[in-house]
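Me: I am new to this structure and would be grateful for a close look at a single part of it. Please start from one residue and work outward to its surroundings.

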Amino acid sequence: MNDYVPVKVKGVYFVSTITGPQAVVFISADNDRVVPIYIGLAEAISIDVALRKETMPRPMTHDLMKAIMDNFNIEVDRIIIDDLDEQVFYARLMLKDTSREVEVDARPSDCIALAVRTNASIFIAPEILDKAAVSRQDLEAAGNIEELFE
């Protein structure tokens, strides 16, 4: 894990695109750059609800997954975002129980939704961070998003 960079989830936002509003989760390794990952609406809601520590009247999909894992004594050890191909991020969900560790290919949005619920660490490959990160200055010039850097 020494070659991966730890990141934190900064929040879920909507940005304007030529096709309309798009949900984006921002992750950051430092206070000068963020990585925007475009995600689906359901995943955006799920991540946002978990970040705000809200409880929905009925379990959301990621709450269900966490409940199943809890009942089988499986924990999310860490999340690794390790590939980027044609603007599509790829991630791995690292799960463990008392006897083994299992690696599962998953969408970064699902991984992040589970990580937020389980307080699991999130890591990104340094080359992806360098390739996909947007600077604080560029984002501030584009709009009012100072809270990403608080």
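Where is Asn 119 found? Please take that place as the starting point and describe the helix beside it and what surrounds that helix.

Reply: The model is a predicted one. Asn 119 is found in the loop between α3 and β7, the latter spanning residues 121–124. Its phi is near 60°, a positive value in a residue other than glycine. Most residues other than glycine have a negative phi. Asn 119 counts as exposed, because its relative accessibility is 68% and the exposed class begins over 50%.

From this loop one may turn to helix α3 and to its partner, helix α1. The two helices pack at an angle of about 15°, with their axes 9 Å apart. That angle makes α1 roughly parallel to α3, since angles under 35 degrees fall in that class. The crossing of α1 and α3 is left-handed. On the α1 side, Glu 43, Ser 46, Ile 47, Ala 50 and Leu 51 take part in the meeting of the helices. On the α3 side, the residues they meet are Ser 109, Asp 110, Ile 112, Ala 113, Val 116 and Arg 117.

Helix α1 itself covers residues 41–51. Its buried residues are Glu 43, Ala 44, Ser 46, Ile 47, Val 49 and Ala 50. Helix α3, at residues 108–118, is included in what covers them. The cover also includes helix α2 (61–71) and the strands β1 (5–17), β2 (20–28) and β3 (33–39). Glu 43 is thus both a buried residue of α1 and one of the residues that meet α3.

Within α3, Asp 110 deserves separate attention. Asp 110 lies in this helix and is buried, because its relative accessible area is 17% and the limit for burial is under 20%. Setting aside residues up to four places away in sequence, Asp 110 touches Glu 43 and His 62. The side chains of Asp 110 and Arg 107 also meet in a salt bridge, at 2.9 Å from N to O. Side chains of opposite charge can pair when their charged atoms come close.

Which residues does Arg 107 contact, leaving aside its neighbours within four places in sequence? They are Glu 43 and Ala 91. Arg 107 lies in the loop between β6 (101–106) and α3. In contrast to the buried Asp 110, Arg 107 is partly exposed, with a relative accessible area of 46%. The chain also brings Arg 107 and Tyr 90 to 6.1 Å of each other, C-alpha to C-alpha, although they are 17 residues apart in sequence. Glu 43 therefore appears on both lists of contacts, because it is touched by Asp 110 and by Arg 107, where contact means heavy atoms within 4.5 Å.

The far end of α1 adds further detail. The side chains of Asp 48 and Arg 52 meet in a salt bridge, at 2.6 Å from N to O. Asp 48 is partly exposed, with a relative accessible area of 23%. Arg 52 is partly exposed as well, with a value of 45%. Just after α1, Lys 53 takes a positive phi of about 55°.

Some other places in the model provide a wider setting. The model has a count of 14 salt bridges. A network of salt bridges links Glu 75, Asp 77, Arg 78, Lys 96 and Glu 101. In the pair formed by Lys 96 and Asp 77, the closest N and O atoms are 3.5 Å apart. This pair links distant parts of the chain, as Lys 96 is in strand β5 and Asp 77 in strand β4, 19 residues apart. Lys 96 is partly exposed at 31% relative accessible area, and Asp 77 counts as partly exposed at 23%. Arg 78, placed in strand β4 (residues 75–85), is buried, with a relative accessible area of 14%. The side chain of Arg 78 makes a polar contact with the side chain of Glu 101, at 3.2 Å.

Asn 119 has a counterpart in Gln 87, whose phi is near 70°, also a positive value in a residue other than glycine. Gln 87 lies in the loop between β4 and β5 (88–96) and is exposed, with a relative accessible area of 69%.

Definitions and conventions: Residues numbered from 1 in each chain as written. Predicted model: local features only at pLDDT ≥ 70, side-chain atom pairs only at ≥ 80, totals over all residues. Heavy atoms only, no water. Buried < 20%, exposed > 50% of the residue type's maximum accessible area, 1.4 Å probe, protein only. Helix = DSSP H or I, 4+ residues; strand = E, 2+ residues; numbered from the N terminus. Polar contact = N/O pair within 3.5 Å; in protein donor to acceptor, adjacent residues only side chain to side chain. Salt bridge = Lys/Arg side-chain N within 4 Å of Asp/Glu carboxyl O. Axes fitted to C-alpha atoms, helices over the stretch in contact; angles between N-to-C directions. Parallel < 35°, antiparallel > 145°, perpendicular 65-115°, else oblique. Left-handed = near helix turned anticlockwise from the far one by under 90°.
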